[in-house]
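Biologist: I should like to go through the reasoning behind the terms used for this model. Please set each value against its cut-off.

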Amino acid sequence: MTAYPSLHMMIAGERVSGGGRRTHAVVNPATGETIGELPLAEPADLDRALEAAQRGFKLWRKSTPQQRAAVLNGAARLLLERQEDLARIATLEQGKPLAEARIEVLMNVGLFQFYAGEVFRIYGRTLVRPEGMRSTVTHEPVGPVAAFAPWNFPLGNPGRKLGAPIAAGCSVILKAAEETPASALGVLQCLLDAGLPGEVAQAVFGVPDEVSRHLLGSPIIRKLSFTGSTVIGKHLAKLAAEDMKRTTMELGGHGPVLVFGDADLDRVLDTVVTQKYRNAGQVCVSPTRFIVEESVYDRFRNAFAERAKAIAVGNGLDEATRMGPMANPRRPEAMDRLIGDAVQRGAKLHTGGERVGNAGFFYAPSVLSDIPLDAAIMNEEPFGPVALINAYAGEEAMIAEANRLPYGLAAFAWTQDSKRQQRLAREIEAGMVGINTNMIAGADSPFGGVRWSGHGAEDGPEGVQACMVTKAVHEG
Ligand code: NAD
């Protein structure tokens, strides 16, 4: 059985802890018990990390594609070797079922391997000019990156935040969530053990607002990469704007799922019910608003609720568990508030709507229907195990509902009509659209949103490009 490791920061390749620093108690969300004490950065720690990041950038910007690929491929191999340990640590501190944590390791393996190839394809171009003149367009690493990763994918988020800057030739200071530090440290350690210099990638923890103000207030940092809520994203984007830093913002969503009468309902249900309750709904691309055509509404809603009731909720370390606890005590509180408000406004609760057990942060898989559009849950990202199912009269009304909110991250649609598929692909406002599939992410595919869901993309060639600036050089 993997023990929970002792916690530290990683500054300039050295483990930093103790020394009278403040600490944060890391809690196992399945039991509510404290499993670790995390040291929090003081301003002097952050200054040391910034100085190291500056040195790391000077070093790594000159690295060859072969060196970058060797580190990324080496880290991918180590991640695979350490898959079981890393998955257990992620489940201990975040709660998700082990099977989901193992997939997170594989996501990082795939991404690092993809980026290891992508470093050879950072092409520029030569412009057509008269003889004697030469004009080239090149891409250079943007500089030291400050990256903030949330707790919902404790391994996957740090992998994204570290992989792209390293591939691009940047240095990076990662502040992963204080709730899930050991997973982030485990991913970083694979990169360091694969030969990455300690000044190129570092990990700090702290009081989030103190750390982000300090790092973003420094001219050393040239780019902000943030994953988290829209509210915090807007706050950090303003801090970054003071110094015109580049930004990649992966923010909240409110995933619409359009289910048309001509869809294969059993296949839809097989896919979307599992997808809804993955990671207890704490997924930015989670399907949230089920926008169902009237003709199949009753059947869809009843079958959905039956399947939700059958989901095995329990400790993520138990292989039989299909849904673990929520990650922290704020989430069940948010569920009670949002579901309570919807029911009070007339929504029907078909199952769930309550906490499970006396220990940890468990919440029952929940299904609401007939929810008025002014209920908070129809406008605010619920980020939890609740499906919102409403009936609509045909395509136009369904597209209007999909585009009603200012979010635009992931959207899904189920229909067999090929002309309609094309219309939906064009008209739904989202960064990622899945038609007859829930598979909208992959190492080679840009992951990101539009409008209040943010801008810029992670993964794919776009993930590396986002860590680069363009330079045009004209020689006469
Ligand atoms: P939150 O908005 O306070 O925190 C979200 C993340 O941002 C956390 O990792 C936190 O450490 C970090 N953060 C908070 N304040 C920060 C600051 N000033 N500077 C830097 N980082 C900061 O909320 P929470 O209670 O942790 O989560 C609630 C909401 O966050 C959810 O309802 C969901 O909408 C959103 N969220 C989104 C994602 C995502 O993948 N997009 C992940 C986690 C949380």
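Biologist: Is Glu42 buried, exposed or partly exposed, and what relative accessible area makes it so?

Modeller: The model is a predicted one. Glu42 has a relative accessible area of 28%. Buried means under 20% and exposed means over 50%, so Glu42 is called partly exposed.

Biologist: Why is the pair of Arg22 and Glu42 called a salt bridge?

Modeller: The closest N and O atoms of Arg22 and Glu42 are 3.2 Å apart. The rule asks for a side-chain nitrogen of Lys or Arg within 4 Å of a carboxyl oxygen of Asp or Glu, so the pair qualifies. Arg22 is itself partly exposed, at 32%.

Biologist: Which parts does the pair of Arg22 and Glu42 tie together?

Modeller: Arg22 lies in the loop between strand 2 (14-16) and strand 3 (23-27), and Glu42 in the loop between strand 4 (34-39) and helix 1 (43-60), so the salt bridge ties together parts that are 20 residues apart in sequence.

Biologist: How do you know that Arg55 and Glu199 meet in a salt bridge, and which parts do they tie together?

Modeller: Their N to O distance is 2.8 Å, and the cut-off is 4 Å, so the pair counts as a salt bridge. Arg55 lies in helix 1 and Glu199 in the loop between helix 6 (181-193) and strand 9 (201-203), so the parts tied together are 144 residues apart in sequence. Arg55 is partly exposed at 41%, and Glu199 is partly exposed at 23%.

Biologist: What makes Lys245 buried, and how does Asp243 count?

Modeller: Lys245 has a relative accessible area of 6%; buried means under 20%, so Lys245 is buried. Asp243, at 27% relative accessibility, counts as partly exposed. The side chains of the two residues meet in a salt bridge, with 2.7 Å from N to O.

Biologist: How many salt bridges does the structure hold, and how many cross the interface of domain 1 and domain 2?

Modeller: The structure holds 33 salt bridges, and the rule finds 2 across that interface. Asp262, Glu395, Arg420 and Arg423 are linked in a network of salt bridges.

Biologist: What area do domain 1 and domain 2 bury between them?

Modeller: They bury about 2300 Å², with 55% of it on carbon and sulfur atoms. Pro29, Trp151 and Ser453 supply 23% of the area that domain 1 buries against domain 2, more than any other three residues.

Conventions:
Residues are numbered from 1 along each chain as its sequence is written. This is a predicted model: local features need pLDDT of at least 70, side-chain atom pairs count only at pLDDT 80 or more; totals for chains, interfaces and linings use all residues. Side-chain values use heavy atoms; hydrogens and water are left out. Buried area is the accessible area (1.4 Å probe) that two parts lose on being put together, summed over both. Helices (H or I, at least four residues) and strands (E, at least two) are DSSP runs, numbered from the N terminus. Buried means under 20% relative accessible area, exposed over 50%, partly exposed in between (1.4 Å probe, protein chains only).
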